Amino acid sequence: MATTNLIEITPLAAERLESVLKDQNEEGSLIRVMVMPGEHGGVQYMLGVEQEASDDDVVIDANNVKVLVDSSSVELVEGAEIDYVDGLMRSGFVISNPNVQSGCGCGGG
């Protein structure tokens, strides 16, 4: 288990993550970032809650929130940012990563 700053977590996202953990009686838990291959060569991200880190996890400590990434996904999340968007048409966590291509340009991505 290593600690690093692979992912940036905006202050608003950290505040919302802390709020979600508190609302679910999970204060002190860690947020797991899961990376899955997407269609057309991109990736999809999902967030989950864990009680503790595994031996092969990398721990990101940012803005009072601890985020876990398994060691095999580190390259896929390096440089990513977790933000929270609160808008009329869309509200929720957004993970953006300028290092990962999304879509293939074929109209289906």
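Two strands pair if DSSP finds at least two bridges between them, and in this predicted model the strands E2 and E7 meet that requirement with two bridges, running in the parallel sense.

**View 1. The protein chain as a whole, a predicted model of helices and strands.** The protein chain contains two helices and eight strands, and a reader who follows the sequence from its start will meet them in the pattern β-β-α-β-β-β-β-α-β-β. Of the 109 residues in the chain, 32% count as buried, while the chain as a whole exposes about 6800 Å², of which carbon and sulfur atoms supply 45%. Among the contacts with a separation of 6 or more, 53% are made by residues that lie 24 or more positions apart.

**View 2. Confidence along the predicted chain.** The mean pLDDT of the protein chain is 83, and 86% of its residues reach 70 or more. When the elements are taken one by one, helix H1, residues 11–23, has the highest mean pLDDT, at 93, whereas strand E1, residues 2–4, has the lowest, at 53. Over residues 103–109 the pLDDT stays under 50, and for this stretch the model has six contacts beyond four places in sequence.

**View 3. The open sheet of E2, E7 and E8, with H1 packed on it.** Three strands form this open sheet in the order E2-E7-E8, with mixed pairing, and its edge strands, E2 (8–9) and E8 (91–96), each pair on one side only. Helix H1 packs on the sheet and touches E2, E7 and E8, and the direction of H1 makes about 80° with that of E7. Where E2 meets E7, Glu8 has Glu81 in E7 as its bridge partner. On the other side of the sheet order, E7 and E8 run antiparallel and are joined by six bridges, and Ile82 stands opposite Ile95 in E8. These two strands, E7 and E8, form a hairpin with four residues between them.

**View 4. Strand E6 and the strands that pair with it.** Which neighbours does E6 have, and in which sense does each pair run? E3 pairs with E6 in the parallel sense over two bridges, and within that pairing Arg32 has Leu68 in E6 as its bridge partner. E5, by contrast, runs antiparallel to E6 and is joined to it by six bridges, with Asp70 in E6 as the bridge partner of Asp57. Because five of its six residues are buried, E6 is largely enclosed by the rest of the structure.

**View 5. The largest nonpolar core.** This core has 22 residues, and those with the most contacts inside it are Leu6, Ile7, Ile9, Val33, Val67, Val69 and Val77. At least two residues of the core come from each of H1, E3 (30–37), E5 (57–62), E6 (65–70), H2 (74–77) and E7 (81–86), and the largest share, four residues, is supplied by H1. A closer look at Ile9 shows that, if residues up to four places away in sequence are not counted, Ile9 touches Ala14, Leu17, Ala62, Asn63, Val67 and Ile82.

**View 6. Asparagines with positive phi in two loops.** In the hairpin of E5 and E6, which has two residues between its strands, Asn63 takes a positive phi near 50°. Asn64, found in the loop between E5 and E6, has a phi near 70°, which is a positive value in a residue other than glycine. Is Asn64 buried or exposed? Its relative accessibility is 69%, and since a residue over 50% is called exposed, Asn64 counts as exposed. Elsewhere, in the loop between H1 and E3, Asn25 has a positive phi near 55°, and Asn25 is exposed as well, with a relative accessible area of 70%.

**View 7. Glu75 in helix H2, with Leu6 from another part of the chain.** Glu75 has its place in helix H2, and at 71% relative accessibility this residue counts as exposed. Although 69 residues along the chain lie between the positions of Glu75 and Leu6, their C-alpha atoms are separated by 9.0 Å. Leu6 is also one of the residues with the most contacts inside the largest nonpolar core.

Conventions. Residues are numbered from 1 along each chain as its sequence is written. This is a predicted model: local features need pLDDT of at least 70, side-chain atom pairs count only at pLDDT 80 or more; totals for chains, interfaces and linings use all residues. Side-chain values use heavy atoms; hydrogens and water are left out. pLDDT is the predictor's confidence in each residue, from 0 to 100. Contact means heavy atoms within 4.5 Å. A nonpolar core is a set of buried Ala, Val, Leu, Ile, Met, Phe, Trp, Tyr and Cys residues joined through side-chain atoms within 4.5 Å. Buried means under 20% relative accessible area, exposed over 50%, partly exposed in between (1.4 Å probe, protein chains only). Axes are lines fitted to C-alpha atoms, for helices over the stretch in contact, and angles run from 0 to 180 degrees between N-to-C directions. Accessible areas come from the Shrake-Rupley method with a 1.4 Å probe; for residues, only the protein chains shown count as cover.
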